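User: I am new to this structure and would be grateful for a close look at a single part of it. Please describe the surroundings of one residue and then set that part within the whole.

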Amino acid sequence: LGIGFYSNNPTTAGARELTLIDERAIAQVTEASGLPFSTIESRRNLITTGIVLDALIGQTFTVGDVVCEGVRACPPCVHLEELTGKKVMNSLVRIGGLRARIVQGGTIRVGDAIEAIGPATGPSVGNDE
C-alpha cells in the first residue's frame, strides 16, 4: 500500500519486503541494554533459529513456499527506538537481521526451514546503499 514509515524511500525499494532476525539477537539486546526487548519490538517479520542470516546476503533462499533474495543486513534505526521507547540501537548494530526481496510468493508457516538455493540475481543484492 505504500503507507509504511520507509515506503517512499527509493534506496530501500524492494529491500524491505521481508525482514528476518535471529532469536538469539533478541536475547542479546536484553542482556546488553538491560532492557526487556521482545520479538515483536524488533519489528522484523520472521524470527529465526539455527541459521546465520548474514550468509544469506547475495543468496536466493526459500522459507516455506516463498523464494527470497537476501539483499543486505538490516541494522536498527532511530525509528525503532522512537516506537519502543528503548535505547537499543547500539545493541542491535551488528545483529539487526536481514532484509530480503520476495522473488516468488507463497505460504510461510511457523517451523518452516530456511534453505539457501544459490546466488541471487536481482538488482542491488548485497549493496549497502
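Analyst: Of the 129 residues in the protein, buried residues make up 38%. The model is a predicted one, with a mean pLDDT of 80 for the protein, and 73% of the residues reach 70 or more. The protein contains three helices and six strands, and from the N terminus on their order is β-α-β-β-β-α-α-β-β.

The part chosen here is strand β3, residues 59-63, which has the highest mean pLDDT among the elements, 97. The lowest value, 68, belongs to helix α2, residues 78-84.

Thr60 lies in strand β3. Thr60 counts as buried because its relative accessible area, 12%, falls under the 20% cut-off. A polar atom of the Thr60 side chain is placed 3.3 Å from the backbone oxygen of Pro119. Once neighbours within four places in sequence are left aside, the contacts of Thr60 include Val67, Cys68 and Glu69. Thr60 is also in contact with Glu115, Ala116, Ile117, Gly118, Pro119 and Ala120.

Two of these contacts of Thr60, Cys68 and Glu69, lead further into the structure. Cys68 is buried, its relative accessible area being 0%. Cys74 is likewise buried, at 5%. A search of the whole structure nevertheless finds zero disulfides.

Glu69 is buried as well, with a relative accessible area of 5%. Glu69 forms a salt bridge with Arg101, and the closest N and O atoms of the pair are 3.1 Å apart. Glu69 belongs to strand β4 (residues 66-73) and Arg101 to strand β5 (residues 98-104), so this salt bridge ties together parts that are 32 residues apart in sequence. Arg101 is buried too, at 13% relative accessible area.

Across the whole structure, the search finds two salt bridges. The other joins the side chains of Arg24 and Asp22, with an N to O distance of 2.9 Å. Here Arg24 counts as exposed, at 53% relative accessibility, whereas Asp22 is buried, at 9%. In general, side chains of opposite charge can pair when their charged atoms come close.

Contacts across the sequence and the outer surface complete the setting. Among contacts between residues at least 6 apart in sequence, 79% join residues at least 24 apart. The protein exposes about 7400 Å², of which carbon and sulfur atoms supply 52%.

Note on methods. Residues are numbered from 1 along each chain as its sequence is written. Side-chain values use heavy atoms; hydrogens and water are left out. A disulfide is a pair of cysteine sulfur atoms within 2.5 Å. Buried means under 20% relative accessible area, exposed over 50%, partly exposed in between (1.4 Å probe, protein chains only). pLDDT is the predictor's confidence in each residue, from 0 to 100. Helices (H or I, at least four residues) and strands (E, at least two) are DSSP runs, numbered from the N terminus. A polar contact is a pair of N or O atoms within 3.5 Å; within protein, one must be able to donate a hydrogen and the other to accept it, and residues adjacent in sequence count only if both atoms are side-chain atoms. Contact means heavy atoms within 4.5 Å. Accessible areas come from the Shrake-Rupley method with a 1.4 Å probe; for residues, only the protein chains shown count as cover. A salt bridge is a side-chain nitrogen of Lys or Arg within 4 Å of a carboxyl oxygen of Asp or Glu.
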